[in-house]
Each structure stands twice: as C-alpha cells, then as structure tokens.
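Visitor: Could you take me in for a close look at one part of this chain, the open sheet, and then show me what surrounds it?

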Amino acid sequence: MGLKRENFRMVGKLGVIVLGMFAFGYALVPIYKAICEMTGINILALGDRQIPGATPKMSANTQVDTSRSITVEFDANARGPWLFKPAVRSVQVHPGELATVMYEFQNVQDRTMSAQAIPSYAPSQAGAHFNKLECFCFSQYTLAPGEKKQWPVAFVIDPKLSKDVTTITLSYTFFEVGGKTPAAPVAAVSVEAPKQEPGA
C-alpha cells in the first residue's frame, strides 16, 4: 500500500512540473517583451521608425527613365477561326519599367488545334529595344474544342530607344500549326564500282 501511495505522489509531482513548464512556455514571450522594454534592449520589438535603417528600404530601379513615357499599343491578328485579342489595347510605360499585359485566346472550333504566334513591331527599329521576359510566342500551344486561355507578355523597353519614338505597336499574328514536321529527306547515295582501264 505504501508503494502505491508513493507512486501517486510522484505522478502528482510530475504532473505539476509538466503544467508549470507549459505555463512558463506560454508566459515566456510576454515576460521577454516586458523585460526588454524595461531594460531598453528590445531591438526586435521596436518599430522601424525608432531604429533608422533597421529595415532596409528597397532601392529604386535607377534604370527606369521616368522623364519620358512610351505608349505601347497591342494588336492581334488571327489566321483561322478562333478568337484572339489583348486584354487591353494600350499601356503607358517608362523605358526600363517592367510591364505585363495579358492576351486572351479561345478555340471556337469543334476540334483540337495547335497554334503559335509571331510578333512584329512598328516602328521596326523598336523591335531591337523591346525586350520580352515572358511571352506566349516562344512556344506552340494545343487547345481543346472551346478551350479558353490567357497568356502574359512581360516586357521592358530599353532606355536606349530613340527619344523620337513615343509609340510602339506590338502586333501578334496567331496561326495554326500543321501536323508533325516531316524529317529532312535523306539523299540517296549510290556507290559505283571503279571503272577499269582497258587492258587492266
């Protein structure tokens, strides 16, 4: 009987210790904040305004030329029975500024089709300064009958673009891609026996 009583006491003591540890764990954060604020060493809890430079501010992109704006117009041409258009007709951007525009496409046919877009620029010299970081024109796409898609075009206009250019038109022509491209033909090679000289 005495052993059982000692075991119950031990379990009771361990239970009190466990409860005390949980309580201390929950109270630790408020206690830490109170002590740090009283002693003045609470660097983590101080606001950014109280510690100059504690949170580094993102530096401005110095490559953006805010002194001028360029109007980028978007055009879409579909070679086939499907819907293809930009979500917006134009945007104003600064040279060096990242911009993203969505294009919408729908296969309105009753068959699966594969298609690809080819971009063109006006004026033509703008093409060398129109840097696309993401574009659906890089790949071919297969769409099921009635399927709709939206594709982004992310671009940056090089600040080296001539200041005479104030408007750029980005035009896409979307066309259906045929079946698999056949392999290049292999030229037939015939081996002729060497001619024998007379009297050989």
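Guide: Let's start with one pair of strands: β6 and β8 (residues 148–157) run antiparallel and share four bridges. Pairing here takes at least two DSSP bridges between two strands. Within this pair, K132 has F155 of β8 as its bridge partner.

A word on what you're looking at. This is a predicted model, where local features need pLDDT of at least 70 and side-chain atom pairs count only at pLDDT 80 or more, while totals for chains, interfaces and linings use all residues. Residues are numbered from 1 along each chain as its sequence is written, and side-chain values use heavy atoms, with hydrogens and water left out.

Now widen the view. β6 and β8 belong to an open sheet of four strands, ordered β2-β4-β8-β6 with antiparallel pairing. The edges go to β2 (83–86) and β6 (130–134); each has a single partner strand, so one side of each has no neighbour in the sheet. On average, neighbouring strands here are turned by 30 degrees against each other, direction ignored; the axes behind that angle are lines fitted to C-alpha atoms, for helices over the stretch in contact, and angles run from 0 to 180 degrees between N-to-C directions.

The whole chain has one helix and nine strands, in the order α-β-β-β-β-β-β-β-β-β. Those are DSSP runs numbered from the N terminus: helices are H or I with at least four residues, strands are E with at least two.

Back to F155, because it also turns up in the largest nonpolar core: of the 30 residues there, F84, F136, F155, I157, Y172 and F174 touch the most other members. Such a core is a set of buried Ala, Val, Leu, Ile, Met, Phe, Trp, Tyr and Cys residues joined through side-chain atoms within 4.5 Å. Buried means under 20% relative accessible area, exposed over 50%, and partly exposed in between (1.4 Å probe, protein chains only). At least two core residues come from each of β1 (70–79), β4 (99–106), β5 (113–122), β8 and β9 (167–176).

F136 is worth clicking on: leaving out residues up to four places away in sequence, F136 touches F84, Y103, A117, Y141, W151, P152, V153, Y172 and F174. A contact means heavy atoms within 4.5 Å. For the chain, 71% of the contacts with a separation of 6 or more join residues 24 or more positions apart. Buried residues make up 24% of the chain's 200.

Then there are the charged pairs. The structure holds five salt bridges, each a side-chain nitrogen of Lys or Arg within 4 Å of a carboxyl oxygen of Asp or Glu. One of them sits in our sheet: K85 and E104 meet at 3.8 Å, N to O, with K85 in strand β2 and E104 in strand β4, 19 residues apart. K85 is partly exposed at 44% relative accessibility, and E104 is partly exposed too, at 25%.

Another one joins R111 and E176, with the closest N and O atoms 2.8 Å apart. R111 is in the loop between β4 and β5 and E176 in strand β9, so this pair ties together parts 65 residues apart in sequence. R111 is partly exposed at 36%, as is E176 at 29%. Compare R68 and D65: their closest N and O atoms are 3.3 Å apart, and both residues are buried.
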